[in-house]
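Visitor: I would like to go through a structure with you, beginning with the fold and then turning to the charged side chains. Could you guide me?

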Amino acid sequence: MFITFEGPDGSGKSTQIVLLAERLRAAGHDVLQTREPGGTAIGEQIRHVLHDLANTAMQPRAELLLYSAARAQLVGQVIKPHLERGGLVLSDRYFDSSLAYQGYGHGLDLDLLRSIQAFATGGLKPDLTLFFDIEAEAGLGRRREGAAEWNRLDAYALEFHNRVRAGYRALAAAEPNRWARLDAAQPIVDLQTQVWGLVAERLTTRS
Ligand code: TYD
């Protein structure tokens, strides 16, 4: 079983993935926890290029191809082999992040993006995608805890993140069997209970 964690920045998904991995391991599952971009030595090098503050001139198309390259490596080297051994994989972000950020956020063509994702992943889709939904402003606020007032770039960022959130909602609505939307503004413990409920239900129906 392959489960992905998606949502805007600051949605708390990275905390939830750790909690879920612990709980699944305690229940005896062979869990591999990974993240994007990264998750392999090659992917972590690509992550460095993507995050480097010196690379502000990066074009959205170049960005998309780098995320996709890191993803292709992660699928081939780590995710597929683990699934083939019968293990369970949890990933903090996967191809839906590219659709939401590079597609809905930066306006790249969605059909084209889908083809590129199918190529990069060899068609591997998650069985379940958990969408940690939170208002863009609240998510960004959590990230930037205590920082000064809004400026022009913040306003730009907010508009971008609103498009990303709307994109996630559209993706979730289009594939309701794969996606589960969670209200990420809830307290950590309540969110954890909901996540566990969804995953436990899927595990029972599969076994
Ligand atoms: P990261 O520091 O891992 O943050 P987060 O905790 O929010 O996951 O940075 C990932 C950033 O990269 C995040 O802003 C989303 C973005 N991203 C894309 O734009 N496209 C992608 O395909 C992926 C995987 C991530």
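Guide: The answers below concern the sheet, one helix and several salt bridges in a predicted model.

Visitor: In what order do the strands of the sheet come?

Guide: The order is β2-β3-β1-β4-β5, in an open sheet of 5 strands with parallel pairing. At the edges are β2 (31–35) and β5 (179–183), each of which pairs on one side only. Neighbouring strands are turned by 20° against each other on average, direction ignored.

Visitor: How many bridges join β4 to β5?

Guide: There are 5 bridges between β4, residues 128–133, and β5, and these two strands run parallel. Within that pairing, F131 has R181 in β5 as its bridge partner.

Visitor: Which strands does helix α3 lie across?

Guide: Helix α3 (residues 60–84) lies across β1 (2–6), β2 and β3 (88–92). Its direction is at about 160° to β2.

Visitor: Changing topic, how many salt bridges are found in the whole structure?

Guide: The search finds 11 salt bridges. One of the pairs is R93 with D9, whose closest N and O atoms are 3.9 Å apart. Because R93 lies in the loop between β3 and α4 (95–105) and D9 in the loop between β1 and α1 (13–26), the pair ties together parts that are 84 residues apart in sequence.

Visitor: Are R93 and D9 buried or exposed?

Guide: Both R93 and D9 are buried.

Visitor: You mentioned R181 earlier. What is its salt-bridge partner?

Guide: R181 pairs with D133, with 2.5 Å between the closest N and O atoms. This links strand β5 to strand β4 across 48 residues of sequence. R181 is partly exposed, at a relative accessible area of 49%, whereas D133 is buried, at 2%.

Visitor: Where is R178?

Guide: R178 is in the loop between α7 (152–174) and β5.

Visitor: And why does R178 count as buried?

Guide: Its relative accessibility is 7%, so R178 counts as buried, the cut-off being under 20%.

Visitor: What does R178 touch, then?

Guide: Leaving aside neighbours within four places in sequence, its contacts are F95, D96, P126, D127, L128 and T129. With D96, the side chain of R178 makes a polar contact of 2.8 Å. R178 also meets the side chain of E175 in a salt bridge, 2.9 Å from N to O. E175 is partly exposed, at 28% relative accessibility.

Visitor: Which residues belong to the network around that pair?

Guide: D96, K125, E175 and R178 are joined into one network by salt bridges that share partners.

Notes: Residues are numbered from 1 along each chain as its sequence is written. This is a predicted model: local features need pLDDT of at least 70, side-chain atom pairs count only at pLDDT 80 or more; totals for chains, interfaces and linings use all residues. Side-chain values use heavy atoms; hydrogens and water are left out. Two strands pair if DSSP finds at least two bridges between them. Helices (H or I, at least four residues) and strands (E, at least two) are DSSP runs, numbered from the N terminus. Axes are lines fitted to C-alpha atoms, for helices over the stretch in contact, and angles run from 0 to 180 degrees between N-to-C directions. Contact means heavy atoms within 4.5 Å. Buried means under 20% relative accessible area, exposed over 50%, partly exposed in between (1.4 Å probe, protein chains only). A polar contact is a pair of N or O atoms within 3.5 Å; within protein, one must be able to donate a hydrogen and the other to accept it, and residues adjacent in sequence count only if both atoms are side-chain atoms. A salt bridge is a side-chain nitrogen of Lys or Arg within 4 Å of a carboxyl oxygen of Asp or Glu.
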